[in-house]
Amino acid sequence: MKAFMTTGSYELLKKIAEKHRNLQFIYMQGTGGTLAYYEDEGNSVFSSGRDFEILLTKGEIKKEGFVAMNNIPVMEEGQPVFEEQFRQRQENIESAAGFQAFRLLKPCSGHTYIVLTQWNSAKDFEDWKASPQFKAAHDKQIIKKPAYFADEPFLGTYHMVKEENTD
C-alpha cells in the first residue's frame with residue numbers, strides 16, 4: 001500500500017478529487033496551506049507531490065482530528081536500522097487517550113520518512129508527548145541524535161478540513 005500527498009489550494013485539490021471519486025481523499029490545513037492525502041495500491045493522481053510506501057499502520061485515518069507529521073531525513077545506509085527500530089518499538093500508542101491513527105511512511109524518492117500520527121485534538125497529542133510512554137520511547141534519541149539522520153527532523157501539524165457536502 002502507498003500513501004500520496006500534495007499541497008495546494010483547497011479548491012484546486014477538490015477539483016482533483018472530483019476527477020477521482022474512487023479514491024478517499026483527506027484534507028488537512030497547516031501553516032503551509034492545505035494538504036491532500038490518500039492511500040491506494042496504484043500510482044499517484046497528483047502531477048506533483050510526494051509518494052510513500054506505508055511500512056507500518058495502526059488505526060484508521062479519520063476525516064476529523066489533529067495530525068502531527070514528524071519528517072525524519074535518514075541516510076540511505078541507515079534506513080534498514082531506522083525501519084527495524086520502529087518495528088521493534090513497543091510504545092503502545094494505541095492506548096493513548098485521543099489516539100486515532102499511525103503511519104510510518106517511507107519515501108519512494110528522497111530520504112525523508114514521515115511518522116504520521118492522528119489524534120482527536122492537539123491537546124491529546126501534547127498529552128501523549130508528555131506521557132511516560134513517549135519519554136521512554138524517545139529518551140535515547142533526545143540524548144544523542146542517531147548517526148543515520150541526514151538532517152534535523154522537523155514537525156508539521158495539521159487540523160483536518162471539515163468537508164462540505166456538495167451532494
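This report walks through the barrel, the helices and the nonpolar cores of the structure above. The model is a predicted one, so please read everything below in that light.

**The barrel**

Let's start with the sheet. Eight strands close into a barrel, and their order around it is 1-3-2-8-5-7-6-4, with antiparallel pairing. On average, neighbouring strands of this sheet are turned by 30° against each other, direction ignored.

Strand 4 is a handy place to look in more detail, with strand 1 and strand 6 as its partners in the table.

| Strand pair | Residues | Sense | Bridges |
|---|---|---|---|
| Strand 1 and strand 4 | 2–8 and 50–59 | antiparallel | four |
| Strand 4 and strand 6 | 50–59 and 99–107 | antiparallel | seven |

Where strand 1 meets strand 4, K2 stands opposite E53, and A3 stands opposite F52. Towards strand 6, L56 of strand 4 has L104 as its opposite residue.

**Helix 1**

Which residues of helix 1 are buried? Helix 1 covers residues 10–19, and L13, I16 and A17 are buried there. Viewed down the helix axis, these buried residues fall within an arc of 100°, so they line one face of helix 1. The other side of the helix carries the exposed residues E11, K15 and K19. Among the elements that cover the buried residues of helix 1 are strand 1, strand 2 (26–30) and strand 3 (33–40).

**Helix 2 and the nonpolar cores**

Helix 2 lies across strand 4, strand 5, strand 6 and strand 7. Its direction relative to strand 6 is about 165°.

In soluble globular proteins, nonpolar side chains tend to be buried together. Here, the largest nonpolar core has 19 residues, and F82, L104 and W119 have the most contacts inside it. Two or more residues of this core come from each of strand 5 (66–73), helix 2 (79–88), strand 6, strand 7 (112–119) and helix 3 (122–129). A second core, separate from that one, has 17 residues, including I26, M28, F52 and M69.

Some residues link these parts of the picture. L104, which stands opposite L56, is also one of the residues with the most contacts inside the largest core. F52, the residue opposite A3, belongs to the second core.

Note on methods
Residues numbered from 1 in each chain as written. Predicted model: local features only at pLDDT ≥ 70, side-chain atom pairs only at ≥ 80, totals over all residues. Heavy atoms only, no water. Pairing = 2+ DSSP bridges. Core = buried A, V, L, I, M, F, W, Y, C linked by side-chain atoms within 4.5 Å. Buried < 20%, exposed > 50% of the residue type's maximum accessible area, 1.4 Å probe, protein only. Arc of directions from axis to C-beta. Contact = heavy atoms within 4.5 Å. Axes fitted to C-alpha atoms, helices over the stretch in contact; angles between N-to-C directions.
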